[in-house]
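Please walk through this structure with me, going from the overall fold to single residues and their surroundings.

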Amino acid sequence: MLVGQILKAKAIAETVTIRPDMTVGEATELLSARRIGAVIVATDAKRPEGILSERDIVRELGRTGAEVLTHKVADFMTRKLVSCKADDTALAVLERMSAGRFRHMPVMDGEEMIGLVSIGDVVQARLDQLAMENTALEGMIMGH
């Protein structure tokens, strides 16, 4: 399965972004309202500048306390993004996410972001693929 197929199958195709000048408190409200684990940081929705995850917020909250909520998103976002392309395989993306210990990856077409996949999206796609292969093998064994 390819990342492009995963994007097409996602119930929510919109990639949520936040501007780097917004506060961590505003980012937290957005994450909570959308029930998501990370948000792409971008001035232009197609050109990601970073990513801010729940883990980033909690880590800094533990270090500095509640005052972190008044700081700018740009202060705590991960600037070095690891991205993938629509023609990357789900397995390759899953391996990169596991090795890098992160759960969200922008999908890029050149310099333009076309979507975001989570580790949950990739695992579900892989499970669906394995279930189809299992059904096909059972059919072959049973002579269908």
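**From a helical turn to the whole chain**

R59 and D56 are three residues apart in helix α3 (residues 54–64), and are therefore separated by about one helical turn. Helices here are DSSP runs of H or I with at least four residues and strands are DSSP runs of E with at least two, both numbered from the N terminus. The model is a predicted one, in which local features need pLDDT of at least 70 and side-chain atom pairs count only at pLDDT 80 or more, while totals for chains, interfaces and linings use all residues. Residues are numbered from 1 along each chain as its sequence is written, and side-chain values use heavy atoms, with hydrogens and water left out.

The pair just named is joined by a salt bridge, R59 to D56, whose closest N and O atoms are 3.3 Å apart; the term stands for a side-chain nitrogen of Lys or Arg within 4 Å of a carboxyl oxygen of Asp or Glu. The two partners sit in unlike surroundings, since D56 is buried at a relative accessible area of 9%, whereas R59 is partly exposed at 44%. Buried means under 20% relative accessible area, exposed means over 50%, and partly exposed lies in between, with a 1.4 Å probe and protein chains only. Further along helix α3, R63 forms a salt bridge with E60, with 3.1 Å between the closest N and O atoms, and these residues are likewise three apart and separated by about one helical turn. Here E60 is buried, with a relative accessible area of 11%, while R63 is exposed at 59%.

Outside this helix, D21 forms a salt bridge with R19, the closest N and O atoms being 3.1 Å apart. Both of these residues are partly exposed, D21 at a relative accessible area of 44% and R19 at 42%. In total the structure holds six salt bridges. For the charges as a whole, the mean positions of the 18 positive and the 21 negative ones lie 2 Å apart, where Lys and Arg count as positive and Asp and Glu as negative, with His and the chain ends not counted, and where each charge is placed at NZ of Lys, CZ of Arg, CG of Asp or CD of Glu.

Seen as a whole, the chain has five helices and six strands, which follow one another along the sequence in the pattern α-β-α-β-β-α-β-α-β-β-α. The C-alpha trace spans about 65 × 30 × 25 Å along its principal axes. Of the 144 residues in the chain, 37% are buried. The accessible surface comes to about 8,800 Å², with 55% of it belonging to carbon and sulfur atoms; such areas come from the Shrake-Rupley method with a 1.4 Å probe, and for residues only the protein chains shown count as cover. Among contacts between residues at least 6 apart in sequence, 54% join residues at least 24 apart, a contact being heavy atoms within 4.5 Å.

Helix α5 (residues 119–142) has 24 residues and reaches 34 Å from its first C-alpha to its last, close to the 34 Å expected at 1.5 Å a residue, the expected span being 1.5 Å times one less than the number of residues. Which residues of α5 are buried? They are D121, V122, A125, Q129 and G139, and their cover includes α1 (3–9), α4 (90–100) and β6 (112–118). After α5 comes G143, whose phi is positive, near 85°.

Positive phi values also appear in the loops, at residues that are not glycine. R35, in the loop between α2 (24–34) and β2 (38–41), has a positive phi of about 55°, and R101, in the loop between α4 and β5 (104–109), has a positive phi near 55°. Most residues other than glycine have a negative phi. Both arginines count as exposed, R35 at 77% relative accessibility and R101 at 69%.

A last loop residue leads back to helix α3: G65 lies in the loop between α3 and β4 (84–85) and is partly exposed, with a relative accessible area of 24%. Between G65 and L52 there are 17 Å in space, C-alpha to C-alpha, and the two residues are 13 apart in sequence.
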